[in-house]
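Trainee: I should be grateful for a close look at a single helix of this protein, with its surroundings described afterwards.

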Amino acid sequence: MTQQASFSTHHTVSPILAQLTNGLRFILRDRLIGIYLYGSLITGDFAPGVSDIDLVVVMTAELDSIQFKALHNLHQSVVKRQPAWQDRLELAYISAAALRTFRSQSSAIGIISPGEPFHLLEAGSDWLISWYALRKDGLALAGPPINSLIDDIPTADYLQAVAEHIRHYRDSVKKPQNKQALSYIVLTVARGIYTLAHRRAPSKIQAAAWAKQRYPQWAELIERALAWRADPNSDRLTAEQIRPQVADFVNSMLSQLND
């Protein structure tokens, strides 16, 4: 299956992608270099009604205040027309220069993501995992191939970043979380461990299937995490009830890493 076919088969996705790309072309005009789709629609992990749309928009320069406001209005307009996508858009707006130099310096990028409003932040080498995935699998909806805009990222550097990333969940699992957030932690840590073992990133579904077989003592928790991902009301357990088990899972998985 081609990358194009992998997301076109989701009939609910094509209309919103068309609205977004048309709106981005109109707002950014000659400042637009490319629009790139990556994430679950490309990896085969897309779950209708649950998964986000992940787009990176590359521009000739950083966003100015006029563009920021226009893009904010675009996001709201798209979701108003298609409310099923409320809180399921993940877009990053970055200049070509910032994408080229992210390992040596931080730059301002625009971000909208689930649970967060459209805002600006400083991003640098902490975005290596995202840019590695984008360079490897990103599909151009407009513009040149993405690997012409991002310098090669050695796999060893990527794997080190993955290990560092999943270590953070040892602390974050202790913080207030709902069941979907705890599900995300379980599946992300499982995916990270798979990535480190196989030197490549799987989909969350693939990682979950592997982890259930590799670590049968955690199979029930992983299966529940998949259910919570789709429907947090799939059982009567509360976040406080499952947090200790999720913390134990995270500690068990991280114990395999060489600190």
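**Helix α11 and its surroundings**

Mentor: In the predicted model, the buried residues of helix α11 are L221, I222, A225, W228 and R229. These residues lie on the same side of α11, because the arc they cover around the axis is only 120°. A general property of helices is relevant here: an α-helix has 3.6 residues a turn, so residues three or four places apart point the same way. On the face of α11 turned away from the buried side, one finds the exposed residues E220 and A230.

As to its dimensions, α11 comprises twelve residues, 219–230. From its first C-alpha to its last, the helix reaches 17 Å, which is close to the 16 Å expected at 1.5 Å a residue.

The cover over the buried residues of α11 includes three helices: α9 (179–198), α10 (204–214) and α12 (239–254). One residue of α12 deserves separate attention, namely F249. Its relative accessibility is 0%, and F249 therefore counts as buried, the cut-off being under 20%. Leaving aside residues up to four places away in sequence, F249 touches V186, V189, A190, W218, L221 and I222. Of these contacts, L221 and I222 are among the buried residues of α11. F249 also lies 9.6 Å from R170, C-alpha to C-alpha, although the two are 79 residues apart in sequence.

Elsewhere in the model there is an open sheet of six strands, arranged in the order β5-β4-β3-β2-β1-β6 with mixed pairing. The edges are occupied by β5 (116–123) and β6 (139–142); each has a single partner strand, so one side of each is left without a neighbour in the sheet. On average, neighbouring strands of this sheet are turned by 25° against each other, direction ignored.

The edge strand β6 runs antiparallel to β1 (residues 32–38), and three bridges join the two. Within this pairing, Y36 has A140 of β6 as its bridge partner.

Two helices lie across strands of the sheet. Helix α2 (residues 13–28) lies across β1, β2 (53–59), β3 (89–95) and β6, and runs at about 20° to β2. Helix α6 (residues 128–137) lies across β1, β2, β3 and β6 as well, and its direction is at about 95° to β1.

To return to the part requested, α11 has its buried residues on one side, and α9, α10 and α12 are among the elements that cover them.

Key. Residues are numbered from 1 along each chain as its sequence is written. This is a predicted model: local features need pLDDT of at least 70, side-chain atom pairs count only at pLDDT 80 or more; totals for chains, interfaces and linings use all residues. Side-chain values use heavy atoms; hydrogens and water are left out. Helices (H or I, at least four residues) and strands (E, at least two) are DSSP runs, numbered from the N terminus. The expected span of a helix is 1.5 Å times one less than its number of residues. Buried means under 20% relative accessible area, exposed over 50%, partly exposed in between (1.4 Å probe, protein chains only). The arc is that of the directions from the helix axis to the C-beta atoms. Contact means heavy atoms within 4.5 Å. Two strands pair if DSSP finds at least two bridges between them. Axes are lines fitted to C-alpha atoms, for helices over the stretch in contact, and angles run from 0 to 180 degrees between N-to-C directions.
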